[in-house]
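Please explain how this protein is built, beginning with its sheet and ending with its largest pocket.

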Amino acid sequence: MSPEFLHTMIRVGDIDAAKRFFCDGLGLTEVTRYDNEAGRFTLVFLAAPADIARNGGVPEGASPTSLNIPMVELTHNWDETEYAGGRNFGHLAYQVEDIYAATQRFADLGVTINRPPRDGRMTFIRSPDGISVELLQKGKPLAPQEPWASAPNIGAW
């Protein structure tokens, strides 16, 4: 297994205030943004200028998973302004060569698969300390396959 670190996601109540903190204060740069009207959320991916430069820049229209840049994902759910009890920390994300093999490795270790890779693209699991970890298929999603295609979500992810 050779995972690649992608991003850490945090939920924010005020996207502009969060961007002021991370961009104006910390010096990160907005790499890409995704607004989803139907889901009522915005995703903003930020990276350090030095990491962007090491990557040779960011091609126009690049998706976060196509870049080899460690990022912070700011997730703004439009109807939520305050998070309590640590809900503002979202998850760590890693890209894997084979989503089904990676998911099966964790299942074999006794890890509950909170969000199975029904779509051949994404799995969510939790560390022993309850940290949510997202695994994403490198490249295009794999064809759906059992037992994952019909597996239900378990718990929170």
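Two strands are taken to pair if DSSP finds at least two bridges between them. In this predicted model, such pairing gives an open sheet of eight strands, in the order E2-E3-E4-E1-E5-E8-E7-E6 and with mixed pairing. E2 and strand E6 (113-115) each have a single partner strand and stand at the edges, so one side of each lacks a neighbour in the sheet. On average, and with direction ignored, neighbouring strands of the sheet are turned by 25° against each other.

At the E2 edge, the pairing can be followed in detail. E2 and E3 are joined by seven bridges in the antiparallel sense, and Thr29 stands opposite Ala47 in E3.

Two helices pack on the sheet. Helix H1 (residues 15-25) touches E1, E2, E3 and E4, and its direction makes about 165° with that of E4. Helix H3 (residues 99-108) touches E5, E6, E7 and E8, and its direction makes about 150° with that of E8.

The strands also bear on the largest pocket, which has a volume of about 880 Å³. Its lining comprises 36 residues, of which Glu73, His91, Met122, Phe124 and Glu134 are the closest to the centre. Two or more lining residues come from each of strands E1 (4-11), E2 (29-36), E3 (41-47), E4 (71-77), E5 (89-96), E7 (122-126) and E8 (132-137). By character, the lining divides into 14 nonpolar, 15 polar and seven charged residues.

How values were computed:
Residues are numbered from 1 along each chain as its sequence is written. This is a predicted model: local features need pLDDT of at least 70, side-chain atom pairs count only at pLDDT 80 or more; totals for chains, interfaces and linings use all residues. Side-chain values use heavy atoms; hydrogens and water are left out. On a 1 Å grid over the protein atoms alone, a cavity is a set of points where a 1.4 Å probe fits but cannot get out, and a pocket is an open set with protein on both sides within 12 Å along at least five of seven lines; lining residues have an atom within 4 Å of a point. Grid points are joined across faces, edges and corners, and a volume is the space filled by probe spheres set on the points. Helices (H or I, at least four residues) and strands (E, at least two) are DSSP runs, numbered from the N terminus. Ala, Val, Leu, Ile, Met, Phe, Trp, Tyr, Cys and Pro count as nonpolar, Asp, Glu, Lys and Arg as charged, and the others, Gly among them, as polar. Axes are lines fitted to C-alpha atoms, for helices over the stretch in contact, and angles run from 0 to 180 degrees between N-to-C directions. Contact means heavy atoms within 4.5 Å.
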